[in-house]
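Let's take a look around this structure together. Have the sequence and the 3D view open, and follow along piece by piece.

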Amino acid sequence: MVSPSIDEKVAFLSLPGAYPNGVRSVETKKTHMSWVFLTETHAWKLKKPVRNDYLDFSSLEARRNDCEQEVVLNRRLAANVYLGVVPLTITAGSLMIAGTGQPVDWLVQMRRLPGDRMLDQTIADHTWTDEGIRKVGRLLGGFYKISSSAENSGARYRKRLLEEFQSSCLELRRREFELPAQLMDPICAEGMEFIEQNTKLFDDRVGTGRIVDGHGDLRAEHVCLEPQPVVIDCLEFNSSLRVVDSASELSFLKLECERLGAIEVGDRIMESYSIETGDWPPQQILQFYRKYHACIRAKLALWHLRDVPDNPSNWTERAKTYLHLAMRD
């Protein structure tokens, strides 16, 4: 049997008739690693058959395993959203969702969340509420309290931070990106110096079990302010990239909220987390994590330029925005 191509699978899944229960329309979205198909009530995610330094989705079995891992991990913060893994099958040359034929791919089935309740949209619309935001902090605090400690060596943790920070700074200095040195150099120098001169701060975070198997990609667009908030789209494909200081992950979310124009949202989430957990991270380490994540996000923004985007200046400006935010106290 010749397996359908990714284009044939995408074309089929873009049709309302592909889905059960009388679907009227399908909205198709493309990400770096997946295709997402949105019906009125559900979201269906198809992994791209890609391979790079961080993941390998090149085989059918690898994509199935990743789909299963995505469901398990995301149920930690969104139990009622991730419904399961469903086969995309083929019989007599015809594709079908959950048919009786041979599986040719796998789909993550999710409950579709209301777009106007995603945190980034509520910030844009000024519709978030104080209680809704504090619920997010409590949700995350409860999650981190039961997350297993993922690092027992301060030296190893500091080494990883230093290597990741240096790697981001090297990327930001590439000539092709044409970023002003006066913007990058102080941030990079201060960040690396802080790691080397504040070993006890980082070792204390390790020693108190604050380095955990976390979410890995805690952005505002992944938080939904339903009556009981949920957080989706954790980084499932590489466990090492989910090993984070809870304070670092929350600093990243706070940075994103500030970029969107709502610094107070990040502050309230952090405060609610601290009340829930009893963890009040030192201000110095929060300021470091701010620089650390700003450099990573600036790097990732610039990497979009290699994909020949429609508006390359948008990604360059976003990178500069992150670096300007990193310089704020």
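What follows is a short walk through a predicted model, from its sheet to its cysteines and then to one glutamate.

## The sheet

Start with the strands. There are six of them in an open sheet, and reading across they go E1-E2-E3-E6-E4-E5, with antiparallel pairing. At the edges sit strand E1 (27–30) and strand E5 (94–97), each of which has a pairing partner on one side only. If you look at how neighbouring strands of this sheet are set against each other, the average turn is 25°, ignoring direction.

Now zoom in on strand E6, residues 102–111. Is E6 mostly covered or mostly open? Seven of its ten residues are buried, so call it mostly covered.

## Who pairs with E6

On one side, E6 runs antiparallel to strand E3 (residues 42–47), and five bridges join the two. To find this pairing in the viewer, pick His42, whose bridge partner in E6 is Arg111. Another good spot is Lys45, which stands opposite Val108 of E6.

E6 also pairs with E4, again in the antiparallel sense, this time over eight bridges. Here Val108 turns up once more: Val85 stands opposite this E6 residue. So if you click on Val108, you can look for Lys45 and for Val85 across from it. While you are tracing strands, keep a general rule in mind: along a regular strand, side chains alternate between the sheet's two faces.

## Helices on the sheet

Back to the strand pair E3 and E6, joined by five bridges. Two helices to look for here are H1 and H2. Helix H1 (residues 6–13) packs on the sheet and touches strand E2 (34–38), E3, strand E4 (82–91), E5 and E6. The direction of H1 makes about 60° with that of E5.

Helix H2 (residues 60–74) packs on the sheet too, touching E3, E4 and E6. Compare the direction of H2 with that of E6 and you get about 20°.

## The cysteines

How many disulfides does the structure hold? One. The disulfide joins Cys169 to Cys188, with an S to S distance of 2.3 Å. About the S-S bond the angle is -105°, and the link is left-handed. Cys169 belongs to helix H5 (residues 154–172) and Cys188 to helix H6 (residues 181–197), so the pair ties together parts 19 residues apart in sequence. Both ends are tucked away: Cys169 counts as buried because its relative accessibility is 1%, and Cys188 counts as buried because its value is 0%.

Why is Cys67 not bonded to Cys234? The closest cysteine sulfur to that of Cys67 is indeed in Cys234, but at 13 Å it is too far for a bond. Cys67 is buried, with a relative accessible area of 0%. Cys234, for its part, is in no disulfide. Its relative accessible area is 5%, so Cys234 is buried as well.

## A buried glutamate

One last stop: Glu256, which you'll find in helix H8 (residues 246–259). Is Glu256 buried or exposed? With 2% relative accessibility, Glu256 counts as buried, because the cut-off is under 20%.

And which residues does Glu256 contact, leaving aside its neighbours within four places in sequence? They are Arg219, Arg297 and Tyr322. Try showing their side chains along with Glu256 to see this set of contacts for yourself.

Key
Residues numbered from 1 in each chain as written. Predicted model: local features only at pLDDT ≥ 70, side-chain atom pairs only at ≥ 80, totals over all residues. Heavy atoms only, no water. Helix = DSSP H or I, 4+ residues; strand = E, 2+ residues; numbered from the N terminus. Buried < 20%, exposed > 50% of the residue type's maximum accessible area, 1.4 Å probe, protein only. Contact = heavy atoms within 4.5 Å. Pairing = 2+ DSSP bridges. Axes fitted to C-alpha atoms, helices over the stretch in contact; angles between N-to-C directions. Disulfide = S-S within 2.5 Å.
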